[in-house]
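Let's take a friendly walk through a protein structure, one piece at a time. Keep the picture open while you read.

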There are 2 protein chains.
Amino acid sequence: MSNSTNNPLHIENKPLRERVVDVLREAIVSGEFKPGQPLIEMEIAAQLGISRAPLREALQFLSHEGLVEVTPYRGTVVKPLTRTDIEELYSLRCVLETFALQRLIAQNNPDNVIKLRQCYEDMLTAAQEGDRKLVNNIDRQFHNLLIDSSQHSLLSTTWNSVSLRVRQVMTLRNRKNRDITQIAYNHLPIIEAIAQCDELLATRLIQEHISSAGDLIAELWDTAPTEDGKA
Amino acid sequence: MSNSTNNPLHIENKPLRERVVDVLREAIVSGEFKPGQPLIEMEIAAQLGISRAPLREALQFLSHEGLVEVTPYRGTVVKPLTRTDIEELYSLRCVLETFALQRLIAQNNPDNVIKLRQCYEDMLTAAQEGDRKLVNNIDRQFHNLLIDSSQHSLLSTTWNSVSLRVRQVMTLRNRKNRDITQIAYNHLPIIEAIAQCDELLATRLIQEHISSAGDLIAELWDTAPTEDGKA
DNA sequence: CGATTGTCAATTGTCGACAATCAACAAGAG
DNA sequence: CTCTTGTTGATTGTCGACAATTGACAATCG
């Protein structure tokens, strides 16, 4: 998750396809492109002012992140999100985070706990200020930190695909009525369990933390897929 | 992995890029293309008698399966395999299979056990006939069956990337001196544990099964990366 | 009227040519 | 001699044009 360089006067020279990936990915996870929506190559290429070649390469890329679905000769659509998808997403997420947690605890590195605590403080502050969007961002940071700290690049890669779609789900179903302060509070016991190297407790907590969130979303998915209902 | 259709007189009409993916993937996991080897687009395109466009799309695809590494403006290489990579590969594999096993047992579907048993019988027969290659194939089938039976398409997708690279590792390091009959035998206790819905035993067994294999390979990796030593 | 077959427009797939980029090497200044 | 600064050749990135495929609809036949 620590991308790019820290040098401020370094100009990026990514190939077009990568910038296209970034743009489209953002459009999808932010809900601007809705699940099921067809992505017509000529249309999008024209919109972006580029040719179809780099766009197609970008679509290949996104299809492997699970964000779009490419059907030969038929076209590309933003991958539909069924209830089963969400259940699978959250259950796999749970497995991956549990694994990360176990490695984290095995490391027993105090720096990890410090960083997590800092993350928690930031989240709490944002929650108390009522900044829902910021809380969500920091929540993502928290879980990314968990994964990255586990020092497992293959896990990080795998996590990336999963978390992107989780983010998509959360955006489409942003329940504005939840108590964000409570959300922040929920993270503290996990950190404490890590600090005390209590693996059993930590894994139990994280599994509850994630499963409950997943179940909550999955339960209601088919009844009211999007917040505003527009396709 | 039950792909394609069962209709015998159905002719496939995959786009070129997909056939290219199949060819290159096979070349990589079979060890024909060695880790670190550069894949020069013009060269390969000419070799396959196609243009670069579908080849490039295929390379994008493979890069997400973790089989090649694309560096912008620098080119594509078969992804190098370090010892750390192998450790990560096997540790994640372990996590994924454990998860599959838990779901499998939760299902408690006798069909699964029947299929696994059949797989075991085939493996044993092949082992007794000394057909090492067939044993390896059936071993792969066994683990794929484990994953597929768990009814979790996201897990299957994730597994696919991991198992491909595992296969690559095993090909590059095919220890001809192991007792293949013993390899077959090792699978039986796992099946029995599943049949008896003993989750704890089953997970312990599969974790031993995989970790030991992984450690064995990782330990010696840097000292003698390939079987014949040629780059 | 129902089923089959032909046609067409929309879209994706593939290609060859040209532009942009990079690493390595050569040339020159200090 | 060493460091910097062109130059160059190989390779990847991008483009516009053309070919192939699909699904839907129209035409035809029984």
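Here is a short briefing on the contact between chains, one helix, one hairpin and one buried residue. Keep in mind that this is a predicted model.

**Where the two chains meet**

- Chain A and chain B each bring 19 residues to their contact.
- On the chain A side, three helices each supply at least two residues: H3 (52-64), H4 (83-107) and H7 (153-172).
- H3(A) gives the largest share of that side, with six residues.
- Sorted by class, the chain A side has 10 nonpolar residues, five polar ones and four charged ones.

**Helix H6 of chain A**

- H6(A) covers residues 132-149, which makes 18 residues.
- From its first C-alpha to its last, H6(A) reaches 26 Å, close to the 26 Å expected at 1.5 Å a residue.
- Which residues of H6(A) are buried? They are A:Val135, A:Ile138, A:Asp139, A:His143, A:Leu146, A:Ile147, A:Asp148 and A:Ser149.
- An α-helix has 3.6 residues a turn, so residues three or four places apart point the same way. Try looking for that pattern in the list you just read.
- The buried residues of H6(A) pack against four other helices of chain A, namely H4, H5 (110-128), H7 and H8 (180-185).
- After H6(A) comes A:Gln151, and its phi is positive, near 60 degrees.

**The hairpin of E2 and E3 in chain A**

- Strand E2(A), residues 68-71, has a covered face made of A:Val68 and A:Val70. Its uncovered face has A:Glu69 and A:Thr71.
- E2(A) runs antiparallel to strand E3(A), residues 75-78, and four bridges join them.
- If you want to trace one of the pairings, start at A:Val70, whose bridge partner in E3(A) is A:Thr76.
- Three residues sit between the two strands of this hairpin, and A:Tyr73 takes a positive phi near 65 degrees.

**A:Leu67, in the loop before E2**

- You'll find A:Leu67 in the loop between H3 and E2 of chain A.
- Why does A:Leu67 count as buried? A residue is buried if 20 or more other C-beta atoms lie within 10 Å of its own, and A:Leu67 has 23 of them within 10 Å, so A:Leu67 is buried.
- Leaving out residues up to four places away in sequence, A:Leu67 touches A:Arg25, A:Ile28, A:Leu62, A:Val78, A:Lys79, A:Leu164 and A:Arg165.
- A:Leu67 and A:Pro80 are 13 residues apart along the chain, and their C-alpha atoms are separated by 8.7 Å.

Note on methods. Residues numbered from 1 in each chain as written. Chains lettered and ligands numbered in written order. Predicted model: local features only at pLDDT ≥ 70, side-chain atom pairs only at ≥ 80, totals over all residues. Contact = placed C-beta atoms within 7 Å. Nonpolar A, V, L, I, M, F, W, Y, C, P; charged D, E, K, R; others polar. Expected span 1.5 Å × (residues − 1). Buried ≥ 20, exposed ≤ 12 C-beta atoms within 10 Å, placed from the backbone. Pairing = 2+ DSSP bridges.
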